[in-house]
Amino acid sequence: MRIKSALAAAALVVVAAAGCGSGGSGGSGDKGEAAKPGEPVKLNFLSLAWQKESLAANKELVEEWNKANPTIQVTYVQGSWDNVNDQLVTQFAGGTAPDVIHNDSPALSGFAADGYLLDLKDKIPAELKSDIPQASWDTTTFDDGKGNQGVYGVPFLQESQVIIANKKLLDEAKVRIPTADSPWTWEEFSEAAKKMTKDGNFGVAWPMKSPVNKTLNLALNFGGKFFETGADGKTTVKVGPEEREVLQRIHDQLWKDKSADPAALGQGTADPLPAFYKGKFALLPVGVYLRQQVVEQAPEGFEWVTLPGPKGTTTEQGAVSQTLSVAQDSKNPDAALKFISFFLNGKNQAKLAKGDWLLPTSQAAAADPSMTTKENGWDVATASGKSLVVAPFLKVKGFDEWKSKVATPVLQQYFANKISLDEAANKLVTDGNSVLERYQK
């Protein structure tokens, strides 16, 4: 997934990224220099774009800015999602961080608490601030370590969960086709999956090699948050009726209804696609970005559609954001904000979202014709953005360790039918609280 989920507060490691790009080599990604009389302000922009279309969009926008703003010149510096936080720890400590930093919202918490990022709360231009809903700003709002809430990045891309479906199998089963305004309920989803399970093929596939983010985000369909903070300020793990709903329903599809393909359980998100193209199953619940691989890889004549995610008591899903931040030590923070405001305006966010096959936070971008076309399911994908709220785990200290050491193995065991839901819930809570306790002393 493009939006990586890892809290920087958990543990940050160190590496330097290679520079490339427009307006100069970028070198180590050092922050820009204060302008000398008669010379332009120089900014370094660390980008984590990696797909061909996304890289092109990022570099084109930097080039467009540089042509239109001779007094503020931006150098594109290529980074990698694999080591960005490693790189930044080194650069922040050495005073060489880029002026403008591309990252994701989970990583901002630790950097904000350490004083490495500029608080943008009172600096964001009104037009940009009003174009992005508060629910998205909430994903970049963190404590500065001194009890003050600040905004440490501008959110611009998000991911929702949708269902990619084999159109031929949908039509043959004569099930109701859900729409953005009238999604399937989880009951309808389950019935549709059962109806399309026949002749050795299945209705649905759940790739659960990395089950945590998917299930925690979908749990919000029933109000499940998995974490609660008490009056003492301490956060603990909660697995009550609301949290159990989605877990039980996915498990039922696998082992009660037998409408979900068990072969997909140990697979990564994209791994089931070859079987999907062959009609081994009809429905694949995944992140919106996977549509790109279907477009690029599906055999000629294969018809597919994008369906909205199912609805419980609500259609809400958890979200984190890709972000642009300004280094606290930047010599040109005002110029950096001007560049960010241009880079993330509605028109440009639409370009960036198309390049990454994700959802823009900008309301103007979401209304762009390119984001509402039926082609490749953009209309359904973009509409799903209205259901996104800040992921409950986003601000939980110790979430990363809970996810890797507790939740991932426990959920894998549960979905593989090796432990009961009660046993899974007990492990998530008991072992999970032992992890979280270390982060709250």
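**The second largest pocket**

Start by selecting Ser109, Phe142, Lys395, Val396 and Lys397, which lie nearest the centre of the second largest pocket, among the 26 residues that line this pocket. The model on the screen is a predicted one. The volume of the second largest pocket is about 620 Å³. Now colour helix 3 (105-113), strand 4 (141-143), strand 9 (227-229) and strand 16 (388-390): each of them supplies at least two residues of the lining. Colouring the lining of this pocket by class gives 10 nonpolar, 10 polar and 6 charged residues.

**The cavities**

How many cavities of 30 Å³ or more does the structure hold? There are 3 of them. The largest cavity has a volume of about 60 Å³. To find the largest cavity, select Phe92, Ala97, Tyr116, Ala327 and Asp329, the closest to its centre of the 11 residues that line it. The lining of the largest cavity is made up of 4 nonpolar, 5 polar and 2 charged residues.

**Helix 2**

Phe92, just selected at the largest cavity, also belongs to helix 2, so select residues 84-94 next. Which residues of helix 2 are buried? They are Val84, Asn85, Asp86, Gln87, Leu88, Gln91 and Phe92. Show strand 1 (41-47), strand 3 (100-104) and helix 3 as well, since they are included in what covers the buried residues of helix 2. After helix 2 comes Gly95, which has a positive phi, near 70 degrees.

**An open sheet**

Strand 1 and strand 3 lead on to a sheet. Select the strands in the order 2-1-3-14-6-15: these 6 strands form an open sheet with mixed pairing. At the edges are strand 2 (72-78) and strand 15 (359-360), each pairing on one side only. Zoom in on strand 1 and strand 2, which run parallel and are joined by 7 bridges. For one such bridge, pick Asn44 and its partner in strand 2, Thr75.

**Strand 7 and its partners**

Move to strand 7 (residues 161-166). Is strand 7 enclosed or open to the outside? Strand 7 is largely enclosed by the rest of the structure, because 6 of its 6 residues are buried. Strands of a sheet pair through backbone hydrogen bonds, either parallel or antiparallel. In a regular strand the side chains alternate between the two faces of the sheet. Select Gln161, Ile163 and Ala165 for one side of strand 7, then Val162, Ile164 and Asn166 for the other; both faces are covered, and these residues are all buried.

Add strand 11 (residues 281-287), where 7 of the 7 residues are buried. Strand 7 and strand 11 run antiparallel, joined by 5 bridges. Two pairs are worth picking out: Gln161 stands opposite Gly287, and Ile164 stands opposite Leu284. Then add strand 12 (residues 304-308), which pairs with strand 7 in the antiparallel sense over 5 bridges. Here Ile163 stands opposite Leu307.

**Strand 8 and Val204**

Strand 11 also pairs with strand 8, in the parallel sense, over 2 bridges. Select Phe202 and look across to Phe281 in strand 11, which stands opposite. Strand 8 (residues 202-204) contains Val204. Is Val204 buried or exposed? Buried means under 20% relative accessible area. Val204 has a relative accessible area of 0%, so it is buried. Leaving aside neighbours within four places in sequence, the contacts of Val204 are Phe189, Ala193, Gln253, Ser259, Ala260, Asp261, Phe281, Leu283 and Pro285. For a distance to check in the viewer, take the C-alpha atoms of Val204 and Ala424: they are separated by 23 Å, with the two positions 220 residues apart along the chain.

**The nonpolar cores**

Select Trp184, Trp206, Phe227, Leu283, Trp402, Phe415 and Leu428 next: of the 68 residues in the largest nonpolar core, they touch the most other members. Which helix gives the most to this core? It is helix 17 (residues 399-415), with 8 residues. Centre the view on Trp206 and show its contacts, again leaving aside neighbours within four places in sequence: Trp186, Phe189, Lys214, Leu218, Ile250, Gln253, Ala260, Ala264, Leu265 and Pro285. The last stop is a second, separate core of 61 residues; to find this core, select Ile72, Ala336, Ala353 and Trp378, which are among its members.

Note on methods
Residues numbered from 1 in each chain as written. Predicted model: local features only at pLDDT ≥ 70, side-chain atom pairs only at ≥ 80, totals over all residues. Heavy atoms only, no water. 1 Å grid on protein atoms, 1.4 Å probe; cavity = no way out; pocket = protein on both sides within 12 Å on 5 of 7 lines; lining within 4 Å. Points joined across faces, edges and corners; volume = space filled by probe spheres on them. Helix = DSSP H or I, 4+ residues; strand = E, 2+ residues; numbered from the N terminus. Nonpolar A, V, L, I, M, F, W, Y, C, P; charged D, E, K, R; others polar. Buried < 20%, exposed > 50% of the residue type's maximum accessible area, 1.4 Å probe, protein only. Contact = heavy atoms within 4.5 Å. Core = buried A, V, L, I, M, F, W, Y, C linked by side-chain atoms within 4.5 Å. Pairing = 2+ DSSP bridges.
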